[in-house]
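Trainee: Please take me slowly through one part of this structure, and then show me what lies beyond it. I am new to this, so plain words would help.

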Amino acid sequence: MSEEDEFELEPIEILELPLDAWHRDKGARMVEFAGYHMPIQYEGIMAEHIWTRENAGLFDVSHMGQLMLTGDGAAEALEAMVPGDISALKEGKMRYSLLLDEGGGVLDDMMITAVPKGLYVVVNGAVKWDDMGHLRDHLPDEITINHMDDRALLAIQGPKAVDALVRVVPGVDALYFMEAGSFFWGPKTDPEPLWISRSGYTGEDGFEISVPAGHAKALADQICAQPEVKPIGLGARDSLRLEAGLPLYGHDMNPEFDPVEAGAAFAVSKRRRSEGGFFGSDRTLNALANGPARKLVGLSVDGKMPVREGAPVFAGDTQVGVITSGGFAPSVGAPIAMGYIDAGHNAAGSTLEAEVRGKRVSVTVTSLPFVPHHYHRKGAHT
């Protein structure tokens, strides 16, 4: 056996989404992402991005981890690892939160919904196995974690999402942003229960739909049969979320950063700010009181050259930050970026320079989001 053979690694199995064949039939270009073959685009990233902003796009996000936490005291137990007020959540209400390590670093961001028998938690696909391990290690034995890997997750996003989805699933228009509930879809003689939230990752109004994997194709077909809807790939999902100032875990968030540095101070609920009691709470509360040493901010980019992840950011000759996400923003018509910038240089309006292939590009710290959010909030004028 040669030395090369001895150290040859087993190929990593790339998994297929329940809708893999459906995507390919629609002409999707597939790429590996988070351990799955996923559609990056159908007709083109720019066209799909603009379509979603103006109409409605259907995204397959079945790579995400759908978890159910059950058992007495599940919400209180989870609060040891997240900075949100989870025990106060009423049934059908959602909260964005962060899964923290023992030192207060961000392991993932997540959506937590109070459901009749416990908590429905959606975590990022790339780290879902690590998240489940972390939860098992730190939750009491009486709390059960059920990974619902028999369900697909679809997202319909855009200003016309509600018009399209209400024809397919009557009653969903009653939900407001960050609310969720059980709905029935299909023939009245044998309807299929769906779990639907009014939420998403584009800054637009929209819904996320948990459906048994075996029914995902029929549901996707019916939604895409609506004139407002086209299937949308990962490429436009990324440019849409970047314009909306929404972080991507593993890029704009990782265990190096605490919630305040990561621009998510809003996720630290009022009660938790006074009581603490979550992993790394001293670190987070100190950053809230005294300001973080660095912070995730938006950056507008002069000219047409995109500034990509990993590019260093300078004030004069001193490096003061790094780009974590960047690209062309179709709705803005210019390149944009997000990155971590040191205190003293991260106030809105600060002019800095990013280094791209040995050249300096002028960037300006900008308030997030780059485009307004259009969530369907209770009490807001529509």
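**A small sheet and its surroundings**

Mentor: Let's start with an open sheet of three strands, which run in the order E1-E3-E2 with mixed pairing. Strand E1 (15-16) and strand E2 (29-33) are the edge strands, since each pairs on one side only. Strands (E, at least two residues) and helices (H or I, at least four) are DSSP runs, numbered from the N terminus, and two strands pair if DSSP finds at least two bridges between them.

A word on the source: this is a predicted model, where local features need pLDDT of at least 70, side-chain atom pairs count only at pLDDT 80 or more, and totals for chains, interfaces and linings use all residues. Residues are numbered from 1 along each chain as its sequence is written, and side-chain values use heavy atoms, leaving out hydrogens and water.

Now back to the sheet. E1 pairs with strand E3 (residues 36-41) in the parallel sense, over two bridges. One residue to find is Glu-16, whose bridge partner in E3 is His-37. Helix H8 (residues 234-243) packs on this sheet and touches E2 and E3; contact means heavy atoms within 4.5 Å. The direction of H8 makes about 70 degrees with that of E3. For such angles, axes are lines fitted to C-alpha atoms, for helices over the stretch in contact, and the angles run from 0 to 180 degrees between N-to-C directions.

Next, find Gly-125, in the loop between strand E8 (118-123) and helix H5. Its relative accessibility is 5%, so Gly-125 counts as buried (under 20% relative accessible area; exposed is over 50% and partly exposed in between, with a 1.4 Å probe and protein chains only). Leaving aside residues up to four places away in sequence, Gly-125 touches Ala-34, His-63 and Met-64. Ala-34 lies 91 residues from Gly-125 along the chain, yet their C-alpha atoms are separated by 5.8 Å.

After that loop, look at H5 (residues 128-138), where Lys-128, Asp-131, Met-132, His-134 and Leu-135 are buried. They cover an arc of only 160 degrees around the axis, so they sit on the same side of H5; the arc is that of the directions from the helix axis to the C-beta atoms. On the other side, Trp-129, Asp-130 and Asp-137 are exposed. Remember that an α-helix has 3.6 residues a turn, so residues three or four places apart point the same way.

Finally, step back: the chain has 10 helices and 20 strands, and buried residues make up 54% of its 382 residues.
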